[in-house]
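Please work through the following exercises with the sequence and the coordinates at hand. Each task is followed by a stepwise solution.

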Amino acid sequence: MASRMLKFTEIDRTMPEKRAAETRRSDFQEIYGDYAREVAEDQAARCSQCGVPFCQQGCPLANNIPDWLKLAAEDRMEEAYQVSQATNNMPEICGRICPQDRLCEGICTVEQSGHGTVTIGAMERYITDNAWEQGWVTPIKPPREREQSAGIIGAGPGGLAAAEQLRRKGYQVTVYDRYDRGGGLLMYGIPGFKLEKDIVGRRIKRLEDSGITFKFNAGIGETHSLADLRDEHDTLLIATGVYKARDLMVPGAGCEGVHKALDFLTTSNRKGLGDDVPEFENGTLDAKGRKVVVVGGGDTAMDCVRTAIRQGATSVSCLYRRDRANMPGSQREVTNAEEEGVVFEWLASPEALVDDEAGKLKAVRASRMKLGAPDPSGRQSPEKTGESFEIEADMVIKALGFDPEDLPQLFNEPALTVNRWGAIKVDFATLETSLPGVYAAGDIVRGASLVVWAIKDGRDAAESMHKRMKQMASTRSAAPVAAE
């Protein structure tokens with residue numbers, strides 16, 4: 001069976017069929033189709049089975065990629081699924097939204113040899129989607145139940161991963177989230193054309209069927225206090241993510257028609273979920289018939305431009321102050337956006353928003369930029385050239401990144417220590433915060449990052465929480481019984 005592998009010189013790289021741009025730009029369905037089984041097996045067989053698997057090293061979760069590719073190539077799909085899910089709590093989601101071109105696929109040996117990378121992300125999605133169809137993805141059944149409980153604040157990817165890991169060990173787990181559904185940005189931030197919401201919903205339902213309790217519309221500091229949760233649970237995890245939008249600091253930024261990226265995306269996703277969304281119905285956060293300019297170069301900016309296209313904007317432009325090669329977002333997303341009609345203004349930075357007499361936005365004035373000397377991070381710093389230009393606009397979406405909210409104030413817990421950027425300080429060996437028995441994971445620790453990193457942090461935090469609760473149980477059982 002080993003001869004089935006190393007077919008990269010015989011079989012060309014093939015992605016699942018992508019829907020035509022003119023068709024997909026009119027709906028929010030995912031843009032890629034599914035592999036036929038035989039095509040999936042062929043694509044898996046392109047893996048070179050490296051002695052040193054660079055793809056695995058490039059994955060934050062250290063997924064056993066060569067192993068599950070080999071199993072898939074040999075038509076051992078259930079085993080491939082079991083290997084894939086052993087290190088990743090939501091492989092079909094990572095297969096859809098991870099920037100593989102910057103991670104596993106970007107350093108694939110086959111890619112470096114010039115034969116085109118192995119389609120790791122598409123295979124990861126195929127293997128687990130097939131597992132769901134075959135009924136191989138089942139609720140968790142712990143080998144034994146434990147009395148101790150863990151509380152998880154945040155039902156995003158980090159919190160969900162931690163909840164699953166703790167439930168596997170038999171702990172009683174309750175997840176608290178301030179929104180009315182689970183998933184966090186998976187549900188409300190990422191558009192359906194990248195991740196359809198039933199994919200997230202079935203993950204939540206599986207955890208519910210596994211005995212995990214979800215409490216939605218639960219704002220810590222509002223409906224629940226952090227102190228009460230610490231009393232109620234043996235350990236606690238903070239996995240809230242970061243939601244404070246960075247502002248656009250130029251003249252006119254407060255005029256009518258300027259919106260935050262997450263407000264725009266959440267409104268669109270809620271509309272797609274069938275919710276009553278007044279801000280969409282009254283046109284405030286609907287791009288239909290609008291000239292839209294998105295400022296930013298990350299994946300959130302790509303989500304915004306592609307959402308605006310689907311809502312029926314008359315034009316969509318993206319301003320980014322560096323060039324395409326320095327774009328922080330996925331290059332695949334840029335290509336998809338260009339195919340759908342988005343115009344990119346590289347090396348351009350807004351210098352003012354121009355409004356009319358009534359205070360309504362009518363244009364963006366931008367500076368042409370050039371790349372200068374490297375900054376402390378090693379990236380070339382953008383510098384103004386002295387040239388300016390204007391783009392007509394009646395909607396501007398700010399996609400400049402996110403910072404942490406003030407959690408010590410929000411949670412009314414001044415003893416919760418944060419760093420100068422507002423992220424929670426942790427012992428990185430354990431992810432424990434300044435509050436004993438309280439842990440933190442994901443973006444609220446590392447800053448706005450990738451879903452796959454949040455999953456890793458959630459898994460690591462769950463292991464530390466398990467060790468603490470195991471020690472607590474051992475100490476209690478060893479304590480002498482008081483004489484009556």
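The exercises below treat a pocket, a helix, the cysteines and the aromatic rings in turn.

The model is predicted, so local features need pLDDT of at least 70 and side-chain atom pairs count only at pLDDT 80 or more, while totals for chains, interfaces and linings use all residues. Residues are numbered from 1 along each chain as its sequence is written, and side-chain values use heavy atoms, with hydrogens and water left out.

**Exercise 1. Characterise the second largest pocket by volume and lining.**

Step 1. On a 1 Å grid over the protein atoms alone, a pocket is an open set of points with protein on both sides within 12 Å along at least five of seven lines, and lining residues have an atom within 4 Å of a point. Grid points are joined across faces, edges and corners, and the volume is the space filled by probe spheres set on the points.

Step 2. The volume of the second largest pocket comes to about 570 Å³. Its lining has 32 residues, of which Glu30, Tyr32, Gly95, Arg96 and Arg125 are the closest to the centre.

Step 3. Helices are DSSP runs of H or I with at least four residues, strands are runs of E with at least two, and both are numbered from the N terminus. At least two lining residues come from each of α6 (91-97), α8 (120-134), α11 (197-209), α15 (299-311) and α16 (331-339). The largest share, seven residues, belongs to α8.

Step 4. Ala, Val, Leu, Ile, Met, Phe, Trp, Tyr, Cys and Pro count as nonpolar, Asp, Glu, Lys and Arg as charged, and the others, Gly among them, as polar. The lining then divides into twelve nonpolar, seven polar and 13 charged residues.

**Exercise 2. Compare the expected span of α8 with the distance between its end C-alpha atoms, and determine how many of its residues are buried.**

Step 1. The expected span is 1.5 Å times one less than the number of residues. For the 15 residues of α8 this gives 21 Å, in agreement with end C-alpha atoms 21 Å apart.

Step 2. Buried means under 20% relative accessible area, exposed over 50%, and partly exposed in between (1.4 Å probe, protein chains only). By this criterion 13 of the 15 residues of α8 are buried, so the helix is largely enclosed by the rest of the structure.

Step 3. After α8 comes Gly135, with a positive phi near 80 degrees.

**Exercise 3. Count the disulfides.**

Step 1. A disulfide requires a pair of cysteine sulfur atoms within 2.5 Å; the count is zero.

Step 2. For Cys94, the nearest cysteine sulfur is that of Cys98, 4.2 Å away. Cys94 is buried, at 1% relative accessible area.

Step 3. For Cys104, the closest cysteine sulfur, in Cys59, lies 6.4 Å away, too far for a bond. Cys104 is also buried, at 9%.

**Exercise 4. Count the aromatic pairs and classify the pair Tyr179 and Tyr243.**

Step 1. Rings of Phe, Tyr and Trp (its six-membered ring) pair if their centres lie within 6.5 Å; planes under 30 degrees apart are stacked, over 60 edge-to-face, and the rest tilted. The structure holds five such pairs.

Step 2. Tyr179 and Tyr243 have ring centres 6.1 Å apart and planes at 45 degrees, so the pair is tilted. Along the chain these residues are 64 residues apart.

Step 3. Tyr179 is partly exposed at 25%, whereas Tyr243 is buried at 16%. Ring pairs link both of them with Tyr188 in a cluster.

Notes
On a 1 Å grid over the protein atoms alone, a cavity is a set of points where a 1.4 Å probe fits but cannot get out, and a pocket is an open set with protein on both sides within 12 Å along at least five of seven lines; lining residues have an atom within 4 Å of a point.
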